[in-house]
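Biologist: Please walk me through one part of this fold up close, the kind of place you'd look for side chains hidden from solvent. Take your time and tie the pieces together for me.

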Amino acid sequence: MSPRQITVLGECVADAFAVPAGDANELALRVLPGGGPANTAVSLAHLGTPARFLARLSGDVFGRLFRARLEASGVDLSDAVAAAEPSTLAVAELDARGQAVFSFHAQNTADWQWTAAELARADLSGSVCVHTGSLALVRDPGASVVEDFLAAAAPRATISIDPNVRPLLVHPDVYRARLERWCALADVLRLSEDDLEVLLPGTPPERACDLWHAAGTRLVVVTRGADGALASLDGERVRVPAVPARVVDTVGAGDSFTAGLLHHLGTQGLLGGRLTDLRLDDVAEACAFGARVAALTCSVTGPTPPRWDQLTEFASAGDSGS
């Protein structure tokens, strides 16, 4: 079955990585277009799912970079907003494990300024799923507008949320205060174990899943890096192993996992409502596919998700033992 359109809402971020400079008194930065929701939209398009992206794109040099990346990937920008505000910049440093640690420059930037009138123009008639999260759901003035938009979309589309917690930019209490509302809206909640530790410190993932099910979310997926993922469907659990890969960096890995998960569910005709036909075997297969997409994303620099042909080659290489 061909996948139907998924709409992604959220920010684009210019991810700046330090690179060697010729002078010890200089700092050179390599800037790559990123941002969790943008990465997810690009990854969906690379996999063959029609992806519509709702973003407020600045006209500055970074905004032009974002637009070029999204358009080259085949993402539909027909409902994107041309914003007057500047783009968001994140400066990343990689630790010894290849994990990115970000510092954000996001004061009064374009991504958080959503108005109800802007989102009212969005065409969701062909979308079976609306995915959002990250800073769009916690930065005012747009966060409450986005929540209202999700509530209006829910009767005709599956709602997917990735909190993508950024405690250096937004205090964890802001996420915690909104989390129960997100669970009431979301059919799918995908988050990392690092997100879980910030939101519910010291809480076992199984207990967290039960809390979020009770608040309304049917499917909760906690990704755990090299330890794979724990998925919980109405309290039924499955653990899915990670796919071995040569890790260059982990930027965009969680976003690619989410894209793989939603793409697979879409190709099986399981999106478009409250996941009433979803079974635990379906969840395991979708998470395994997401793990393959994430593994390939980790094997290259920056948030560069694989295309379908690369994923097929990767699977064939694994089957042959190479």
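Modeller: A residue counts as buried when its relative accessible area is under 20%. Keep in mind that this is a predicted model. With that cut-off, T109 is buried because its relative accessible area is 2%. You'll find T109 in the loop between β8 (100-105) and α3. Skipping anything up to four places away in sequence, T109 touches E85, P86, S87 and T88.

Now for the sheet. Eight strands make up an open sheet, and they line up as β4-β1-β9-β10-β11-β12-β13-β14, with mixed pairing. The edges belong to β4 (51-54) and β14 (236-240); each has a single partner strand, so one side of each has no neighbour in the sheet. On average, neighbouring strands here are turned by 15° against each other, ignoring direction.

Let's stay at the β4 edge for a moment. β1 and β4 run parallel and are joined by four bridges. One handle on that pairing is I6, whose bridge partner in β4 is A51. As a rule, side chains in a regular strand alternate between the two faces of the sheet. In β4, A51 and F53 point one way while R52 and L54 point the other, and all are buried.

F53 also takes us to a helix. It is among the contacts of L70, along with C12, A38, V42, V75 and L77, once neighbours within four places in sequence are set aside. L70 sits in helix α2 (residues 61-72), and its relative accessible area of 1% is why it counts as buried. For a sense of scale, L70 and T276 are 206 residues apart in sequence, and their C-alpha atoms are 32 Å apart in space.

Further into the strand order, β9 (residues 127-133) and β10 (residues 158-162) pair in the parallel sense over five bridges. Here T132 has I161 as its bridge partner in β10.

Helix α4 (residues 143-153) is worth a look next. Its buried residues are A143, V145, V146, E147, F149, L150 and A153. The cover over them includes strands you've just met, β4, β9 and β10, as well as β1 (5-9), α3 (116-120) and α5 (172-185).

You may be wondering about the cysteines. The disulfide count comes to zero, with 2.5 Å between sulfur atoms as the limit. For C129, the closest cysteine sulfur belongs to C287 and lies 14 Å away, so the two are too far apart for a bond. C129 is buried, since its relative accessible area is 0%. C183 is in no disulfide either; its nearest cysteine sulfur, in C209, is 10 Å away. C183 counts as buried because its relative accessible area is 1%.

One helix pair to finish. The axes of α1 (residues 36-47) and α8 (residues 253-267) come within 8 Å and cross at roughly 45°, so the two helices are oblique to each other. The crossing of α1 past α8 is right-handed. On the α1 side the contacts come from G36, N39, T40, S43, L44 and L47. These meet D255, S256, T258, A259, G260, L262 and H263 in α8.

Terms used:
Residues are numbered from 1 along each chain as its sequence is written. This is a predicted model: local features need pLDDT of at least 70, side-chain atom pairs count only at pLDDT 80 or more; totals for chains, interfaces and linings use all residues. Side-chain values use heavy atoms; hydrogens and water are left out. Two strands pair if DSSP finds at least two bridges between them. Axes are lines fitted to C-alpha atoms, for helices over the stretch in contact, and angles run from 0 to 180 degrees between N-to-C directions. Buried means under 20% relative accessible area, exposed over 50%, partly exposed in between (1.4 Å probe, protein chains only). Angles under 35 degrees count as roughly parallel, over 145 as roughly antiparallel, 65 to 115 as roughly perpendicular and the rest as oblique. A crossing is left-handed if the near helix is turned anticlockwise from the far one by less than a right angle, and right-handed if clockwise. Contact means heavy atoms within 4.5 Å.
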